[in-house]
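Please look through the sequence and the model shown below before reading on, and keep both at hand while following the explanation.

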Amino acid sequence: MKNPLLEKFNTLYSSAPFSKIKNEHFKPAFIAGIKISKEEIDQIANNKAVPTFENTIAALEFCSEKLDRISSVFFNLNSAETNDEIQQIAQEVSPMLSEFSNDITLNEELFNRVQLLYDIKDELNLTPEQDMLLNKKYKSFVRNGANLEIHKKDELRKIDTELSKLKLKFGEHVLAETNAFELHLTIKNELAGLPESVIEAAALNAKQKNKEGWVITLDYPSYVPFMMYAEDRNLRKKLAIAFGAKAFKNNKYDNQQIVLDIANYRHKRAVLLGYKSHAHFVLEERMAENPENVTTFLNDILEKATPAAKKEFDQLSEIAKKDGITQLEKWDSSYYSEKLKKELFDLEEEKLKPYFKLENVIAGVFEISTKLYDLQFEEIYNIDTYNKDVKTYKVTDTSGNFIAILYADFFPRPGKRNGAWMTTFKGQWVKDEENSRPHISIVCNFTKPTETKPSLLTFNEVTTLFHEFGHALHGMLANTIYPSLSGTNVYWDFVELPSQLFENWCYQKEALNLFAKHFETNELIPMELIDKIKKSSNFMEGMHTVRQISFGLLDMDWHSKNPSDIKNVKEFELTSFKNTNLFPDVKENCMSTSFSHIFQGGYSAGYYSYKWAEVLDADAFALFLEKGIFDKETARKFKSFVLEKGGTENPMKLYKLFRGKKPDNAALLKRAGLLK
Ligand SMILES: [Zn+2]
């Protein structure tokens, strides 16, 4: 049987031949792809020749080209166009892939060659990019224990196994606790304040559970609007306490001991590898570099945001007083914020949407990219896609040079996961003197067109499109030699800079005037609406910032010190929150026991990066504001020092080359209205 995934893609731009790929091709392709890579790795490891950068590091870098291509096609489909069969295949191939990557990091011959080169790297005359690649490869071994004595290696494996079990359990408990609770309402009055769509969803929830009336759950789409709109304070309280008590009830789903165990195992692992703490281990490969930098950063913003937060808190308390509330509690926050927002801005989404027809917004995104980076976009119809809704564009520069293929997949459908993301079907690299250009994709779930109306985006969808397109620019303009350093393959706290930076154009009159035209009358968006958008984007920024900082500090507290003395999760948390508290503590609640970002997902010692990225994008955009938002020279610098460079050099160095200075917090504080 011919397998299109294993053959050379003989298509235009060698794009993926989606129409020829059948589900049954994937597993054999993975097996064959892994085999090919393994053979190449063995050859590198057992090479009799003296190790050189080319025969070891570069060879290693290019040895899994086929497998990477298969993986990206497969996992992108698993997100955008999945079904039971594909999910089943994912279950089967994921362990194969992790075993394959373990085989590489545990390959001693291979590591010996890498180490030998690393030890003499100053004599190798490497370019900065090669130096970065050598470091990255070397670190990928030693951060997994390649340098340890044999008994310590075993200990590391044991810790890793324990950690993956604990993280899994943590997640299962949170999920079980989320599903175990429901707020079952049977009296119509209890729904007072809720918008019709929320009531409908609650009725549907009830129906699915074979119940009368309405059911509110702890899932975000159900929980969030209830907290925002429900007039019944007791019900809000009940729901909020249930939400905050997840995995903190001393029942079989309790996560207190698991939190302590995860923190301790992480610390042990870091110490075993020679680091002071888990945070030191994580931050070694981040722009922020170390825990001290992160805590200083967070505390500085906290100091500036606290007065604004207190003022906002008083403002909300004032409104709540009219309802007889003497002490504002956690479950009042969203509700009174929403009231105040309506009073201050009355910014109805429905009034904005006619100015944001999808086609107009796309044209705007393209025009802004042309003005900044000289890119041209041409819709093409002669390459394969995985669904008929996917649009394809050929991207060139003004001289007609081929830059990238861009796929755009805008609307929801069954088999596509929620949210929006940018991804890559093929990376960028230079090999045999050929610059092999990337195939980039943006995937969204926007409001669909109807028979009578085109797709009209909410403002939030507009910023989402700009955000993902900012990532896409990072991918499309990539211009490096080695694929693992190309495009968005950068330090984790640097990757959101291009995306968040690009969002800034959505708030600028000069940019909006290019595309924000009424879909029927062609009238430009009124200035008054632009002002409202700007002002409302800073609404409750003080309280919001303090909350984000409190999570970032809690994360650092868990991960930057030896946690072995911590006995009580709740007490530890109270100490951590002491400078960020605005509301009275709720004794039934605990944040850590359901803080999945840091105890289950990949955000441990990384929660700060949300704010960090905001600081970067505000500071970067300040230069555009100073020089002009379409200033060619500023754009050129951003392109050649950031977008083209990927992860080939330290991000702080790249940033300074672009900006002429280190980022500081002032621009963000100013934009957020937190600086007087
Ligand atoms: Zn992003």
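The paragraphs below go through the nonpolar cores, the metal site, the enclosed cavities and one loop residue in turn.

The model is a predicted one, and a good place to begin is its interior. In soluble globular proteins, nonpolar side chains tend to be buried together. Here the largest nonpolar core comprises 137 residues, and the members that touch the most others are F356, W505 and W558. Helix α13, which spans residues 291–321, gives the most to this core, contributing twelve residues. Around W558, leaving aside residues up to four places away in sequence, the contacts include V259, L260 and A263 on the one hand, and P563, I566, V569 and F572 on the other, together with S592, I598 and F599. Separate from this core is a second one of 55 residues, and among its members are L77, L134, I383 and W429.

The zinc ion is held by H467 and H471, each through its NE2 atom, and by E496, which is listed with two OE donors, at distances of 2.1 to 2.8 Å. Along the chain these donors follow the spacing H-x3-H-x24-E. H471 lies in helix α17 (residues 459–476), whereas E496 lies in the loop between α17 and α18 (497–503), so that this pair, 25 residues apart, links distant parts of the chain. The four donor atoms subtend angles of 51 to 139° around the zinc ion, and the arrangement is irregular because tetrahedral geometry would need all angles to lie between 85 and 135 degrees. How buried or exposed are H471 and E496? H471 counts as buried because its relative accessibility is 8%, under the 20% cut-off, while E496, at 26%, counts as partly exposed.

Rolling a probe the size of a water molecule over the atoms shows where empty space is left. In this model the count comes to four cavities of 30 Å³ or more, and the largest of them has a volume of about 50 Å³. Its lining is made up of I362, V365, F366, Y393, L406, A408, F410, I442, L465 and F469. At least two lining residues come from each of α16 (358–373), β5 (402–409) and α17, with α16 supplying the largest share, three residues.

A last stop is N107, which is found in the loop between α4 (84–105) and α5 (108–119). Although placed in a loop, N107 counts as buried, because its relative accessibility is 13%. Not counting residues up to four places away in sequence, N107 touches I41, D42, A45 and F141.

Note on methods
Residues numbered from 1 in each chain as written. Predicted model: local features only at pLDDT ≥ 70, side-chain atom pairs only at ≥ 80, totals over all residues. Heavy atoms only, no water. Core = buried A, V, L, I, M, F, W, Y, C linked by side-chain atoms within 4.5 Å. Buried < 20%, exposed > 50% of the residue type's maximum accessible area, 1.4 Å probe, protein only. Helix = DSSP H or I, 4+ residues; strand = E, 2+ residues; numbered from the N terminus. Contact = heavy atoms within 4.5 Å. Donors = N, O, S within 2.8 Å, 3.2 Å for Na, K, Ca; no water. Tetrahedral: all angles 85-135°; square planar, octahedral: opposite > 155°, others 65-115°. 1 Å grid on protein atoms, 1.4 Å probe; cavity = no way out; pocket = protein on both sides within 12 Å on 5 of 7 lines; lining within 4 Å. Points joined across faces, edges and corners; volume = space filled by probe spheres on them.
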